[in-house]
Amino acid sequence: MTRPHSLRELRKSLGGYFHHYRHAWLAISLLTLLIIILGQSPSEEINDAGTNSTDAVSVTTPDNFSAPLAIEPTIESEEPATDNSTVPAQTHTENIASITTNNAPSLILIIDDIGNSLAAGMRAAALPGKVTLAVMPYTPHGSRVAEAAYSTGQEIMLHMPMSNQSGMNLGPDGLTAELDKTEITRRLRLALADVPHIRGINNHTGSELTELAEPMEWVMHELSNYPLYFIDSMTTAKSVAFDTAKRFSIPTLKRHVFLDNVRDTSAIDTQFQQALRIARQEGLAVAIGHPYEETLAYLEQALPALKEAGVELHFASELLSRS
């Protein structure tokens, strides 16, 4: 290449090179634009309320952790049960307290997966009657929703992520089968300390971990140090969590019905009516739903009619006591 001797020659030379490589330049420009567009994808549901209060989570060790001993006056989808959406009504009956004079059938209603959406969490917290919110640790809005629900008299649980057979993401510091006892205990303690006002715990997913005897023994050994109950979400028919909790004298129940494996009003109503039938037949049913629009809209209408249906909402802490 000869050196150009004038500005005109320089422009002509550069123009020739640009013309020759114009397709490469165009490809680079389009690739850059595509990267910019992908980097500006719509925000996830966890930011739906447009707030960053509670975005930073303060985690402390629970050496002095103490759950409240008296009740004071609300997305990753839950892993479906591998057998079906209902399980036989089984409870730790020796720990069930009689709390009503008329022995009305009792329904425990839990809303899982709280903490990713502020709007959905607050709406769940405002559901009529005694509703338990299972809050996931380390979520952007979990602490804020838990505080709001607690202030209105609702019950709070820790919704502890446990490994599943579907490969679903657990988020930070979930409990997995590869962990040893020390690490499972450490992660569980931090999660217990992260969510305020908890009275109990249930598993988020967990179709893998809850089938394994040794990890569940480690979990229950740690929980036995706290005044907490455990509810087995029964995401697998082979779960040993319920029986393990009983062996460690932890007040425990099983989930009987998932309300919203199918996010349709008619399907949710079918499952809700099934929960009421179990409650009438067995005296108690545990139903789990999620903060979906369809579920919340249905419950806002259905819960006020429970009294006429002869079923009463209760918190698990009212029904369970240490043996």
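1. In this predicted model, I111 stands opposite G289, a residue of strand 8. The two elements concerned, strand 1 and strand 8 (residues 284-289), pair in the parallel sense, with six bridges between them.

2. Strand 1 has further partners. Strand 2 (residues 132-135) runs parallel to strand 1 and is joined to it by three bridges; here I114 has V135 as its bridge partner. Strand 9 (residues 312-313) also pairs with strand 1 in the parallel sense, over two bridges, and S106 is bridged to E312.

3. Strand 1 spans residues 106-114, and nine of its nine residues are buried. The connection to strand 2 goes through helix 3 (residues 118-125), and strand 1, helix 3 and strand 2 together form a right-handed β-α-β unit.

4. Helix 8 (residues 265-282) contains 18 residues; its span from first to last C-alpha is 26 Å, close to the 26 Å expected at 1.5 Å a residue. Its buried residues are I268, Q271, F272, A275, L276, I278 and A279. Viewed down the helix axis, these fall within an arc of 160°, so they line one face of helix 8.

5. What do the buried residues of helix 8 pack against? Their contacts are with strand 1, strand 7 (257-258), strand 8 and helix 9 (293-302). Strand 1 is thus named both here and as the parallel partner of strand 8.

6. Both ends of helix 8 have a local feature to check. At the N-terminal end, D264 acts as the cap, with a side-chain oxygen 3.0 Å from the backbone nitrogen of S266. Just after the helix, G283 takes a positive phi of about 90°.

Conventions:
Residues are numbered from 1 along each chain as its sequence is written. This is a predicted model: local features need pLDDT of at least 70, side-chain atom pairs count only at pLDDT 80 or more; totals for chains, interfaces and linings use all residues. Side-chain values use heavy atoms; hydrogens and water are left out. Buried means under 20% relative accessible area, exposed over 50%, partly exposed in between (1.4 Å probe, protein chains only). Helices (H or I, at least four residues) and strands (E, at least two) are DSSP runs, numbered from the N terminus. Two strands pair if DSSP finds at least two bridges between them. A crossover is right-handed if, with the strands pointing away from the viewer, the path from the first strand over the helix to the second runs clockwise. The expected span of a helix is 1.5 Å times one less than its number of residues. The arc is that of the directions from the helix axis to the C-beta atoms. Contact means heavy atoms within 4.5 Å. A polar contact is a pair of N or O atoms within 3.5 Å; within protein, one must be able to donate a hydrogen and the other to accept it, and residues adjacent in sequence count only if both atoms are side-chain atoms.
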